[in-house]
Every structure is written in structure tokens, then in C-alpha cells.
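Student: I should like to understand how the terms used for a model of this kind are justified. May we go through them one by one?

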Amino acid sequence: MDELVVSDGRATSVGGLPVRRLLPRRGRRTVGAWCFAYHMGPSASPLAIGPHPHIGLQTVTWLLEGSVLHRDSLGSEQVIHPGQLNLMTAGAGVSHSEEPAGSGSGDALVEGIQLWIAQPSSTRFGPAAFEHHAVLPSMSLAAGAGSAVVMVGSFAGATSPARHDTPLVGCELSLDTSCHLDLVPEWEYALLVLRGSARVDGSVLEPGRMGYMSPGRDSVHVEVAGPVRAILVGGEPFPEDVLMWWNFVARTADEVEAATRSWEDDDGRFGRVDSHLDRIPAPVVPSGLHA
Ligand code: MN
């Protein structure tokens, strides 16, 4: 069993919110099919990201605090609250915006995580879809260590109703005391601590860091000294090499260029989002993408 690999995320900002980008990291592009993770906030400024396109991925939006309004080119209009899941499947193309929900008091904090799941080639050219899950399976962990909510896949005997296209899991952990978590030995995992501080294999995990576990473990011991909120993602190592650029998860530079052109030309591939926010233009595709 290899030791936990800890990497520090990169601080940036998205849609007016401070963000810690945890995945991808140098040398680590995917964890199972999970290919992107950013921890947003906490911030008093509302999330406002204008319409933008996606291909070849699912977006997983999960909040700890506040609320966000999702609109997409399928006509979906959905406010999400903490403990709920928004899951958008891009397939061959979708566009969406993320907006402040309602008038609000103006001082509400927003905090959450957005994750992307790479779609396998069997579904990535398929239709777009959107799911909202207001209630997900939640269970107590052994010995009163805390609780887990299963966002996607199965964990600790409970299964989320959310769609997934490859063998994987994503769950939120609320830990009060140290615990053992059962893992699938053939899978790889990452632990993303959003609040508090945990220790795995002697390494400290706190907000802004990712702890990666390669396959070969049937459990992990997570030590905590106080309350911790964390996301555990994992899955079967993704068998395809993905090419990620901007909001696209593809395999070739030609696919990325075609998607970029469709967005710039507004040729209908990505539909329309009924949003008052400005459409986000695509950056210039770097020539090095073809390397
Ligand atoms: Mn998006």
C-alpha cells in the first residue's frame, strides 16, 4: 500500500468567489473518473457565473452554506441548498449559468464544492441531462464517529439515486471523532477536507489540500481532533487519457477546437441559457494543445 500523497491546491477565483482548485494537480489528472474539484468560498459575495459550455463531463455541485440558482440550456432552473445535489451531464454539449438565488439578504455566505466527472466514451457523445436530488441517503458511521451523505455511487451500504457512468463514489463526511472508512481495494480515492483538520498516514489534511490514495487499501483511518467536513471521492482508475481544456473534457485537440468554435459561433450545439448574465467567451485555444 502506497502512502497518502498530499498536494496543495491553487488559490484562484471563479465567478467572484475565492476558490481553491484541488484537482487536477501536476501528475494527478483523475481520481477514478473525478477530474476536477474546486472548493468555493466561504464568501459573502454571491456566486455569479454567466452562461458557458461543457462537453464530456458531469458537474457535481454541493453546498455547505448558502444557495445557488442553476440554469441550463435544457431549460432547467433549480435552486440548490446545502445537502442537495445538482448533477448536470454534458454529453455532446450543454451550457449553464450559476447565479445568486433570489434577492437574498446580501450577507449570506456561500461555500461549496464543484466537482467534474469525466464521461466515458460510451456516453460522452450522448444527450445532455440534469438531475436535482433534494434528499440523498445519509447514514451514521460506526462508533458514533459521525455521518456520511452519499452524493453519487454507494458508500457504507447506501446508494445514491444519482446517475453515474463509471464505477465511482462521492460522499460528504461529517466527522466528530476518528474513524475507519471502508474502501474498495481496486479503486483510488481522494479526501478533500473542507472544514477542520484531519490526519491520514501521519499527513495533515485541511482546506486547500488533497490527500490521494492509490489502489490497494481496504480501509483508511482518518484521525480528527475536532469536527471535520470532508468530501471523499473515488472510483475505478479511469482507463482513458482525458484532454481537459477550459470547460471541456475531451480526448483530442480537434474535439476541443470544434467545441470552442461552436460556442463562439453560437451554432446551436450548446443551446441557450435564459440568463441575464453575460455569456462567457472562450479563451484562445493554445497551439500547444495539439502536441
Ligand atoms: Mn460550469
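The discussion below sets values against definitions.

Tutor: This is a predicted model, in which local features need pLDDT of at least 70, side-chain atom pairs count only at pLDDT 80 or more, and totals for chains, interfaces and linings use all residues. Residues are numbered from 1 along each chain as its sequence is written, and side-chain values use heavy atoms, with hydrogens and water left out.

Student: What makes His 52, His 54 and His 96 ligands of the manganese ion?

Tutor: Donors are N, O and S atoms within 2.8 Å of the metal (3.2 Å for Na, K and Ca); water is not among the atoms, so sites may look incomplete. The NE2 atoms of His 52, His 54 and His 96 coordinate the manganese ion at 2.1 to 2.2 Å, so they meet the limit of 2.8 Å. Along the chain, the donors follow the spacing H-x1-H-x41-H. His 52 lies in strand β5 (residues 49-54) and His 96 in strand β10 (residues 94-100), so the pair ties together parts that are 44 residues apart in sequence. Strands (E, at least two residues) and helices (H or I, at least four) are DSSP runs, numbered from the N terminus.

Student: Why is Glu 188 called buried or exposed?

Tutor: Buried means under 20% relative accessible area, exposed over 50%, and partly exposed in between, with a 1.4 Å probe and protein chains only. Glu 188 has a relative accessible area of 4%, and is therefore buried. His 52 and His 96 are buried as well. Arg 26, at 84% relative accessibility, counts as exposed.

Student: How do you know that Arg 28 and Glu 188 form a salt bridge?

Tutor: A salt bridge is a side-chain nitrogen of Lys or Arg within 4 Å of a carboxyl oxygen of Asp or Glu. For Arg 28 and Glu 188 the closest N and O atoms are 3.4 Å apart, so the pair satisfies the limit of 4 Å. This pair links distant parts of the chain, with Arg 28 in the loop between β3 and β4 and Glu 188 in strand β19 (residues 188-195), 160 residues apart. At 22% relative accessibility, Arg 28 counts as partly exposed.

Student: Which other salt bridge involves Asp 8?

Tutor: The side chains of Asp 8 and Arg 209 meet in a salt bridge at 2.8 Å, N to O. Asp 8 lies in strand β1 (residues 5-8) and Arg 209 in strand β22 (residues 209-213), so the pair ties together parts that are 201 residues apart in sequence. A search of the whole structure finds 13 salt bridges, and Glu 65, Glu 111 and Arg 195 are linked in a network of them.

Student: What is notable about phi of Asp 201, and with which residue does Asp 201 form a salt bridge?

Tutor: Phi of Asp 201 is near 50 degrees, a positive value in a residue other than glycine. Asp 201 forms a salt bridge with Arg 217, the closest N and O atoms being 2.6 Å apart. Asp 201 is partly exposed, with a relative accessible area of 33%, whereas Arg 217 counts as buried at 4% relative accessibility.

Student: Where is the peptide bond from Gly 41 to Pro 42 placed by its omega?

Tutor: That bond is cis, with omega near 5 degrees, and Pro 42 lies in strand β4.
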